[in-house]
Amino acid sequence: MPRSSRRWRFSCERPKPAPGMRRETTELWGWRRSECGHWKSRRRYRRLALKHHPLKSNEPSSAEIFRQIAEAFDVLSDPVKRGIYDKFGEEGLKGGIPLEFGSQTPWTTGYVFHGKPEKVFHEFFGGNNPFSEFFDAEGSEVDLNFGGLQGRGVKKQDPPIERDLYLSLEDLFFGCTKKIKISRRVLNEDGYSSTIKDKILTIDVKPGWRQGTRITFEKEGDQGPNIIPADIIFIVKEKLHPRFRRENDNLFFVNPIPLGKALTCCTVEVKTLDDRLLNIPINDIIHPKYFKKVPGEGMPLPEDPTKKGDLFIFFDIQFPTRLTPQKKQMLRQALLT
């Protein structure tokens, strides 16, 4: 295979800049792990990235240099991409490996930089702007007990990932087990590259959990160099129920009732969440603001599931749409005399 004119030479000597590349970028590309150690490239990325970060450098070309440095380190920090570049140069890395080598590596389609130098910077340092923590007001580096820029960078935890967990009232009444599959990046054995893997998270729902209950799985987010994985937090949300509405530990039930029964007493049937049938006698005259309280027929209390809240029965009084003259006369006699 003909050698590309833009192939960078890996050695402990600083290579000559390839066409279109800055000296700082080729300085990072030019350190070979087998001869100089992989930490050489990490130290040089740290120094060059901080030097040319757009927040630190006022040079017009700093953004492009910063991008090129990130691309170089993105290759060097991955054993597969670094090996392809070492063997086939930039042409093989970006243009793809000839078919006769296709069975030995998955990179036959060629490498394309994702174009996000800030992402490389974030994963390396554990933040987007370390300057406020590592430099004083005059721009001098601060000596931190845990390493500062002289060490491997400060690990910072990613912000928590919050997801809604919708549960039915039956789930919250009895308790249940929910299994949720997540996909996340997991570090490989080399400590730098990562692979997307699935994991099952198990949530044991306790009887009486209220809306807004938070279930936290610590450090189950994406893994990365110098990054503490984010916590994954599930927040309980209640599904709408066809019969009941929940308020704290109480249940509200609305029973439609004809005007005649509202005035002459009745019995209300209520099917509970655990499939019992309650027969509640109503001996009062039911008016629009009337409700009936049934103690101990609400939701279990989270603190003590053997105890329950209350059931409140409200009434939707249904008026007749029409009355015959005879019925109107009977109502006048019954209600107005």
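The following legends describe close-up views of a predicted model.

**View 1. The largest pocket, set between two domains.** The space in this pocket amounts to about 390 Å³. Its lining comprises 18 residues, and those closest to the pocket centre are Asp-74, Lys-119, Glu-123, Tyr-192 and Ser-194. Helix H4 (62–76) and helix H6 (117–125) each contribute at least two lining residues, and H6 accounts for the largest share, with 4 residues. By class, the lining of the largest pocket contains 7 charged, 6 polar and 5 nonpolar residues. Because domain 1 (38–77 + 114–125) and domain 2 (156–238) both give residues to the lining, the largest pocket lies between them.

**View 2. The second largest pocket and its lining.** About 330 Å³ of space is found in the second largest pocket. It is lined by 19 residues, of which Asp-158, Ile-161, Gly-221, Asp-222 and Gln-223 are the closest to its centre. At least two lining residues come from each of H6, strand E2 (161–167), strand E3 (176–187) and strand E7 (232–238). The most, 4 residues, are given by E3. The lining of the second largest pocket divides into 8 charged, 6 nonpolar and 5 polar residues. Domain 1 (38–77 + 114–125) and domain 2 (156–238) each supply at least three residues to this lining.

**View 3. Strand E15 and its pairing with E9 and E12.** Strand E9 (residues 250–258) runs parallel to strand E15 (residues 311–318), and the two pair over 8 bridges. In this pairing, Leu-251 is placed opposite Leu-311 of E15. Strand E12 (residues 291–294) pairs with E15 in the antiparallel sense, over 4 bridges. Here Lys-292 stands opposite Ile-313 of E15. In a regular strand, side chains alternate between the two faces of the sheet.

**View 4. The largest nonpolar core, shared by two domains.** This core holds 37 residues, and the members that touch the most others are Ile-203, Phe-234, Ile-286, Leu-311 and Ile-313. Strand E15 provides the largest share of the core, 4 residues. Since domain 2 (156–238) and domain 3 (244–318) both give residues to the core, it lies between them. Nonpolar side chains tend to be buried together in soluble globular proteins.

**View 5. The largest cavity and the residues around it.** The count of cavities of 30 Å³ or more comes to 1. The largest cavity holds about 70 Å³ of space. Its lining consists of Phe-173, Phe-244, Leu-251, Thr-272, Leu-273, Asp-274, Arg-276, Leu-278, Glu-297, Gly-298, Lys-308 and Leu-311. These lining residues divide into 6 nonpolar, 4 charged and 2 polar. Leu-251 and Leu-311, which belong to this lining, also stand opposite each other in the strand pairing.

**View 6. Two loop residues with positive phi, Cys-265 and Asp-275.** Most residues other than glycine have a negative phi. Cys-265, although not a glycine, has a positive phi of about 75°. Cys-265 lies in the loop between helix H9 (259–264) and strand E10 (266–271). It counts as partly exposed because its relative accessibility is 33%, between the bounds of 20% and 50%. Asp-275, likewise not a glycine, has a positive phi of about 65°. Its place is in the loop between E10 and strand E11 (277–282). With a relative accessible area of 58%, Asp-275 is exposed, the cut-off being over 50%.

Terms used. Residues are numbered from 1 along each chain as its sequence is written. This is a predicted model: local features need pLDDT of at least 70, side-chain atom pairs count only at pLDDT 80 or more; totals for chains, interfaces and linings use all residues. Side-chain values use heavy atoms; hydrogens and water are left out. On a 1 Å grid over the protein atoms alone, a cavity is a set of points where a 1.4 Å probe fits but cannot get out, and a pocket is an open set with protein on both sides within 12 Å along at least five of seven lines; lining residues have an atom within 4 Å of a point. Grid points are joined across faces, edges and corners, and a volume is the space filled by probe spheres set on the points. Ala, Val, Leu, Ile, Met, Phe, Trp, Tyr, Cys and Pro count as nonpolar, Asp, Glu, Lys and Arg as charged, and the others, Gly among them, as polar. Domain bounds come from an automatic or database domain assignment. Two strands pair if DSSP finds at least two bridges between them. A nonpolar core is a set of buried Ala, Val, Leu, Ile, Met, Phe, Trp, Tyr and Cys residues joined through side-chain atoms within 4.5 Å. Buried means under 20% relative accessible area, exposed over 50%, partly exposed in between (1.4 Å probe, protein chains only).
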